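Visitor: Could you walk me through this fold, strand by strand and helix by helix?
Guide: Sure, have a look at it before we start.

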Amino acid sequence: MPTILPGRRTAQTTTPLVVFLIGMRINRFRAVREWLPVSRAMGPMLAELSAAPDSGFLGYEPMLRGLRTIMLVQYWRDFDSLEAYARSRDRTHWPAWVAFNKAARQQRGGVGIFHETYAVPAGGSETIYVDMPAFGLGKAMGLVPATEGREAARERMKASGQQA
């Protein structure tokens, strides 16, 4: 079980970043041959990225929305790093993406996929974590106490735009 960090904390952010939401939706549970390869593809990508600190990948959080939708919230240093990984022919993503596209032409919609990308400028985010384990952006960027000018959301937003 993760360690609960007592008190109020906030993510230590002072630079721009990219938030990338990626996921899949099981449209038909019986179409296992369509959705199982999609769900199995993400683990090796996350392991590859987590082992490569120079990739620009900062971290992720898995999310569930009911029984059908699995999503990851990923944090990246910048869009160029995200795109470089996605398009790299010698990394895990590219062959998985090619295989999905090939299979999708033959399938009947048993699985859906999605992604959304958000470029967040410095000063464009704020976080609060109260009596939580390290989570989300705070886990990816590091946590600091939400004190001394970081008590309120507006203060944290301003603090996230300051250069260290």
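**Strands, helices and charged pairs**

Visitor: Let's start inside the four-stranded sheet: how many bridges join strand E2 to E5?
Guide: A word on the source: this is a predicted model, where local features need pLDDT of at least 70, side-chain atom pairs count only at pLDDT 80 or more, and totals for chains, interfaces and linings use all residues. Residues are numbered from 1 along each chain as its sequence is written, and side-chain values use heavy atoms, with hydrogens and water left out. Helices (H or I, at least four residues) and strands (E, at least two) are DSSP runs numbered from the N terminus, and two strands pair if DSSP finds at least two bridges between them. E2 covers residues 17-26 and runs antiparallel to E5, and the number of bridges joining them is 10.

Visitor: And which residue of E5 is the bridge partner of Ile-26?
Guide: Strands of a sheet pair through backbone hydrogen bonds, either parallel or antiparallel. For Ile-26, the bridge partner in E5 is Val-111.

Visitor: What is the strand order of that open sheet of four?
Guide: E2 pairs with E4 in the antiparallel sense over eight bridges, and eight bridges also join E3 to E4, again antiparallel. The pairing in the sheet is antiparallel, and the order reads E3-E4-E2-E5.

Visitor: So which strands stand at the edges?
Guide: Look for strands that have a single partner, so that one side is left without a neighbour in the sheet. That picks out E3 (57-65) and E5 (111-120).

Visitor: Which residue of E4 is the bridge partner of Ile-22?
Guide: E4 spans residues 69-76, and six of its eight residues are buried (under 20% relative accessible area, with exposed over 50% and partly exposed in between, using a 1.4 Å probe on protein chains only). So E4 is largely enclosed by the rest of the structure. Pro-62 stands opposite Leu-72 in E4, and the bridge partner of Ile-22 is also Leu-72.

Visitor: Which residue takes a positive phi in the hairpin of E3 and E4?
Guide: That hairpin has three residues between the strands. The one with a phi near 70° is Gly-66.

Visitor: On to the charges: how many salt bridges does a search of the whole structure find?
Guide: Side chains of opposite charge can pair when their charged atoms come close. Here a salt bridge is a side-chain nitrogen of Lys or Arg within 4 Å of a carboxyl oxygen of Asp or Glu. By that rule the search finds six.

Visitor: Is Glu-34, which pairs with Arg-28, buried or exposed?
Guide: The closest N and O atoms of Glu-34 and Arg-28 are 3.5 Å apart. Arg-28 counts as partly exposed at 36% relative accessibility. Glu-34 has a relative accessible area of 12%, so the word is buried.

Visitor: How many residues apart in sequence are the parts tied together by Arg-91 and Glu-48?
Guide: These two form a salt bridge with the closest N and O atoms 3.5 Å apart. Arg-91 lies in the loop between H2 (79-87) and H3 (93-104), while Glu-48 is in H1 (residues 32-50), so the pair ties together parts whose separation in residues is 43.

Visitor: What is the relative accessibility of Glu-61, the salt-bridge partner of Lys-139?
Guide: The side chains of Glu-61 and Lys-139 meet at 3.1 Å, N to O. The pair links strand E3 to helix H4 (residues 136-141), 78 residues apart. Lys-139 is partly exposed at 45%, whereas Glu-61 counts as buried at 7%.

Visitor: How do H1 and H3 run relative to each other, roughly parallel or roughly antiparallel?
Guide: Their axes (lines fitted to C-alpha atoms over the stretch in contact, with angles from 0 to 180 degrees between N-to-C directions) come within 10 Å and cross at roughly 165°. Angles under 35 degrees count as roughly parallel, over 145 as roughly antiparallel, 65 to 115 as roughly perpendicular and the rest as oblique. H1 and H3 are therefore roughly antiparallel.

Visitor: Which residues of H3 make that contact?
Guide: Contact means heavy atoms within 4.5 Å. From H1 come Val-38, Ala-41, Met-45 and Glu-48, and from H3 come His-93, Ala-96 and Phe-100.
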